[in-house]
Amino acid sequence: MMENVKHFFYVVECCDGSLYAGYSTDVVKRVKKHNEGKGAKYTRARKPVVLRYTESFLTKREALQREIEFKKFKRLKKLMVISQKSDERFG
């Protein structure tokens, strides 16, 4: 992995089984925010959330493009994507 990777596309699974996709430069901190009710409005009523997938990018633009692409997928395709191995594993 490259040293300067700072941009992440991530997917969390909410307690109701729904998926939420987002962007962050610090996925661990972002997931913590979601679980504290300080993240996205969508996840506030659906916590706790569990990190299911990440992809790392060299630029914010690439990560946000991936997020947009992912959000257009139907649920089955989203599940297929997250069943693949993530770039990173976060504790």
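**Close-up 1. Strand β1 and its partners on either side.** In this predicted model, Tyr 10 stands opposite Thr 54 in strand β3, while Val 11 stands opposite Ala 21 in strand β2. The pairing of β1 with β3 runs antiparallel and is made through 7 bridges, and the pairing of β1 with β2, also in the antiparallel sense, extends over 6 bridges. One further contact of the latter pair can be picked out at Phe 8, whose bridge partner in β2 is Ser 24. Strand β1 is mostly covered, with 6 of its 7 residues buried.

**Close-up 2. The enclosed strand β2.** Strand β2 covers residues 19-24, and because 6 of its 6 residues are buried, the strand is largely enclosed by the rest of the structure. Its side chains alternate in direction: Leu 19, Ala 21 and Tyr 23 point one way, whereas Tyr 20, Gly 22 and Ser 24 point the other way, and all of them are buried. A residue far along the chain can be located from this strand, since Arg 75 and Leu 19, although 56 residues apart in sequence, have their C-alpha atoms 8.5 Å apart in space. Arg 75 belongs to helix α4, which comprises residues 75-83, and at 44% relative accessibility Arg 75 counts as partly exposed.

**Close-up 3. The hairpin of β1 and β2.** The hairpin has 5 residues between its strands, and within it Gly 17 takes a positive phi near 90 degrees. Gly 17 is found in the loop between β1 and β2, and with a relative accessibility of 17% it counts as buried, the limit being under 20%. Seen from this loop, Arg 46 is 29 residues away from Gly 17 in sequence, yet the two C-alpha atoms are 8.9 Å apart in space.

**Close-up 4. Aromatic rings gathered in one cluster.** A search of the whole structure finds 4 aromatic pairs. In one of them, the rings of Phe 9 and Tyr 53 have their centres 6.3 Å apart and their planes at 70 degrees, and because an angle over 60 degrees counts as edge-to-face, the pair is described in that way. Phe 9 lies in strand β1 (residues 7-13) and Tyr 53 in strand β3 (residues 50-57), so this pair ties together parts that are 44 residues apart in sequence. Both Phe 9 and Tyr 53 are buried. The rings of Phe 70 and Phe 73 have their centres 5.9 Å apart and their planes at 65 degrees, so this pair, too, is edge-to-face, and both Phe 70 and Phe 73 are buried. Phe 9, Tyr 53, Phe 70 and Phe 73 form one aromatic cluster.

**Close-up 5. Charged side chains over tyrosine rings.** Two places are shown here in which a charged side chain lies over the face of a ring. Arg 46 lies over the face of Tyr 42, at a distance of 3.8 Å from the ring centre. Lys 71 is placed over the face of Tyr 20, at 5.7 Å from the centre of that ring. Tyr 20 is also one of the buried residues of strand β2.

**Close-up 6. Helix α3 and its buried face.** Helix α3 holds 13 residues, 60-72, which at 1.5 Å a residue should span 18 Å, and the distance of 19 Å between its end C-alpha atoms agrees with this expectation. Which residues of α3 are buried? They are Ala 63, Arg 66, Glu 67 and Phe 70. Seen down the axis of α3, these buried residues fall within an arc of 105 degrees, so they line one face of the helix. The face turned away from this buried side carries the exposed residues Arg 61 and Lys 72. Phe 70, on the buried face, is also a member of the aromatic cluster described above.

**Close-up 7. Two cysteines without a disulfide.** The structure holds 0 disulfides. Cys 14 is in no disulfide, and the nearest cysteine sulfur, which belongs to Cys 15, is 6.9 Å away. Cys 15 is likewise in no disulfide, its nearest cysteine sulfur being that of Cys 14. For a pair of sulfur atoms to be a disulfide they would have to lie within 2.5 Å. Is Cys 14 buried or exposed? At 4% relative accessibility, Cys 14 counts as buried.

How values were computed
Residues numbered from 1 in each chain as written. Predicted model: local features only at pLDDT ≥ 70, side-chain atom pairs only at ≥ 80, totals over all residues. Heavy atoms only, no water. Phe/Tyr/Trp six-rings, centres within 6.5 Å; stacked < 30°, edge-to-face > 60°. Helix = DSSP H or I, 4+ residues; strand = E, 2+ residues; numbered from the N terminus. Buried < 20%, exposed > 50% of the residue type's maximum accessible area, 1.4 Å probe, protein only. Lys NZ or Arg CZ within 6 Å of the ring centre and 35° of its normal. Pairing = 2+ DSSP bridges. Expected span 1.5 Å × (residues − 1). Arc of directions from axis to C-beta.
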